[in-house]
Amino acid sequence: MNRIPVTLITGFLGAGKTTLLSNLIRTSRNRRLAILVNEFGEVSIDGALLRDDGRSADAEIHDLPNGLIAYGDDQDFLPTLQVLWARREQIDHILIETSGLALPTAVMERLQGDDLAPYFVLDATLAVVDTPLLLAGDFDPATDGDPVASLFRQQLASADIVVLNKIGGLDDDALLDAEARVRGLAPAIRFIELAHDARLDTRLTLGLHLHEVAGSGHRHYGPVATLPGLNLRPLSDQRPLDGHSHGGLGAHSHGLATHRHFHEQDPGWQSFTVSSTEAQDADTLRRALIAIARCEPLLRIKGFAPATGGRLRIQAVRSRVDVQLQDADTPVRPAQLVCIGYHPSRPRVIEQLNELTGTRWR
Ligand SMILES: Nc1nc2c(ncn2[C@@H]2O[C@H](COP(=O)(O)OP(=O)(O)OP(=O)(O)O)[C@@H](O)[C@H]2O)c(=O)[nH]1
């Protein structure tokens, strides 16, 4: 029985995961793809973007609303995979985009559990990196336990492949510097790939079989027993995955219950949606969002807004804000902006949007 290969795409907020996926869908016409998109925030923007791009003809998109896909209380992951397995004749490969605030290890663990391992096989885990932000030191820890730096590092450490994205305009020295930083943060990374404009060759991305061992049914991710140089075995009451290494912690063993704490969301990370029914002017909105991103602890803003002659598509990563007018026949709907940050204030964002755009937000 052929298992369905699964590729995980992880990476910090705004690194370019959805853009990369969109490009992969477009260039993988010979593979039938199922895409699971998992976002932090109650409104799904990424699934809409993938569908909107009109490139999803050969791919089916599933939005998974729980920002922590496959974590302890996620009720959607298993049923979704069961549905996909039931339709396996129509699916060649599954791609899962984790939220920018999740670790991929929860999915990796679930895939290797007894209920899924006979049917699915992890192909590879890719971590997408916003290279200019990496080079600017935005992921260097500001303080001990800095939430951005520590999540970024754990995401890299969980991956097989790091994809350096947004590299247009970077010279060789900058790329070597980025590679050295990645290797310093995650020495066990197997490959580093360069994505020009969020484009990767599908041959370097899908069908890599990085987690298969010839001649055996399947192997578990990172069991202590197979860590290089370690002659350890999982304890008798542990499943093999219980002993694995987390970024920065080194190899260690612990039970599944203790394991959970690594996957719990830091409550400081918050997402909220602001909306407006009034038409927005692209330039005014862009300037307003730049000003807001500079004074509020927001790391990501994305969504849509109505405008005269069409609708605006808004994408902001920190204070880099992109507002694009899309053609008039896309349906106009109330503006919905998903804002994600570390202890951001919704009332302050609304107050500033009202003031800076001259329109009413709530
Ligand atoms: N210049 C440039 N911009 C890029 C590239 N890749 C993505 N972007 C832009 O970066 C922004 C975020 O891209 P997304 O693909 O939505 O990022 P993401 O990682 O899916 O974001 P979250 O799901 O919110 O974590 C968008 O404005 C993209 O157009 C790239 O290679 N070069």
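This is a selection-by-selection tour of a predicted model.

**Whole chain**

Start with everything displayed. The chain has 362 residues, and 42% of them are buried. Its secondary structure consists of 10 helices and 14 strands. Take the contacts between residues at least 6 apart in sequence: 73% of these join residues at least 24 apart.

**The two domains**

Colour 4–263 and 269–357 separately; these ranges are domain 1 and domain 2 in the domain assignment. Between them, 11 residues of domain 1 are in contact with 12 residues of domain 2. On the domain 1 side of this boundary, the residues divide into 6 nonpolar, 3 polar and 2 charged.

**The parallel sheet**

Next, select β1 to β7. These 7 strands form an open sheet with parallel pairing, in the order β3-β2-β4-β1-β5-β6-β7. At its edges are β3 (59–64) and β7, each of which pairs on one side only. From one strand to the next, the twist averages 20°.

Zoom in on residues 33–38 and 93–97, which are β2 and β4; the two strands run parallel and are joined by 5 bridges. Which residue in β4 is the bridge partner of Leu33? Select His93 to see this partner.

Now add residues 77–86. This is helix α3, which lies across β1 (4–11), β2, β3, β4 and β5 (120–130). Relative to β3, helix α3 runs at about 165°.

**A loop residue**

Move to Pro187, in the loop between α7 (172–185) and β7 (191–194). Is Pro187 buried or exposed? Only 12 or fewer other C-beta atoms within 10 Å are allowed for an exposed residue; Pro187 has 8, so it is exposed. For a distance to check in the viewer, pick the C-alpha atoms of Pro187 and Leu156: they are 9.5 Å apart, while the two residues are 31 apart in sequence.

**The antiparallel sheet**

Select β10 to β14. Here 5 strands form an open sheet with antiparallel pairing, ordered β10-β14-β11-β12-β13. The edge positions belong to β10 (269–276) and β13 (320–326); each has a single partner strand, so one side of each has no neighbour in the sheet. The twist in this sheet averages 10° from one strand to the next.

Within the sheet, display β12 with β13, an antiparallel pair with 7 bridges. Label Gln315 and, opposite this residue in β13, Asp322. Then show residues 282–295, helix α9, which lies across β11, β12 and β13. The angle between α9 and β13 is about 160°.

**The ligand shell**

Finish at the ligand and select the 20 residues around it. Which of them come nearest? They are Gly16, Thr18, Thr19, Gly100 and Gln315. Three elements give two or more residues to this shell: α1 (17–27), β11 (298–307) and β12 (310–317). The largest share, 3 residues, is from α1.

Colour the shell by class to see 4 nonpolar, 9 polar and 7 charged residues. Then return to the domain colours: domain 1 and domain 2 each supply at least three residues of the shell. Keep Gln315 labelled, since one residue links two stops of the tour: Gln315 is among the residues nearest the ligand, and Gln315 also stands opposite Asp322 in β13.

Technical notes
Residues are numbered from 1 along each chain as its sequence is written. This is a predicted model: local features need pLDDT of at least 70, side-chain atom pairs count only at pLDDT 80 or more; totals for chains, interfaces and linings use all residues. Helices (H or I, at least four residues) and strands (E, at least two) are DSSP runs, numbered from the N terminus. A residue is buried if 20 or more other C-beta atoms lie within 10 Å of its own, exposed if 12 or fewer, and partly exposed in between; C-beta atoms are placed from the backbone. Two residues are in contact if their C-beta atoms, placed from the backbone, lie within 7 Å. A residue is near a molecule or strand if its C-beta atom, placed from the backbone, lies within 6 Å of it. Ala, Val, Leu, Ile, Met, Phe, Trp, Tyr, Cys and Pro count as nonpolar, Asp, Glu, Lys and Arg as charged, and the others, Gly among them, as polar. Domain bounds come from an automatic or database domain assignment. Two strands pair if DSSP finds at least two bridges between them. Axes are lines fitted to C-alpha atoms, for helices over the stretch in contact, and angles run from 0 to 180 degrees between N-to-C directions.
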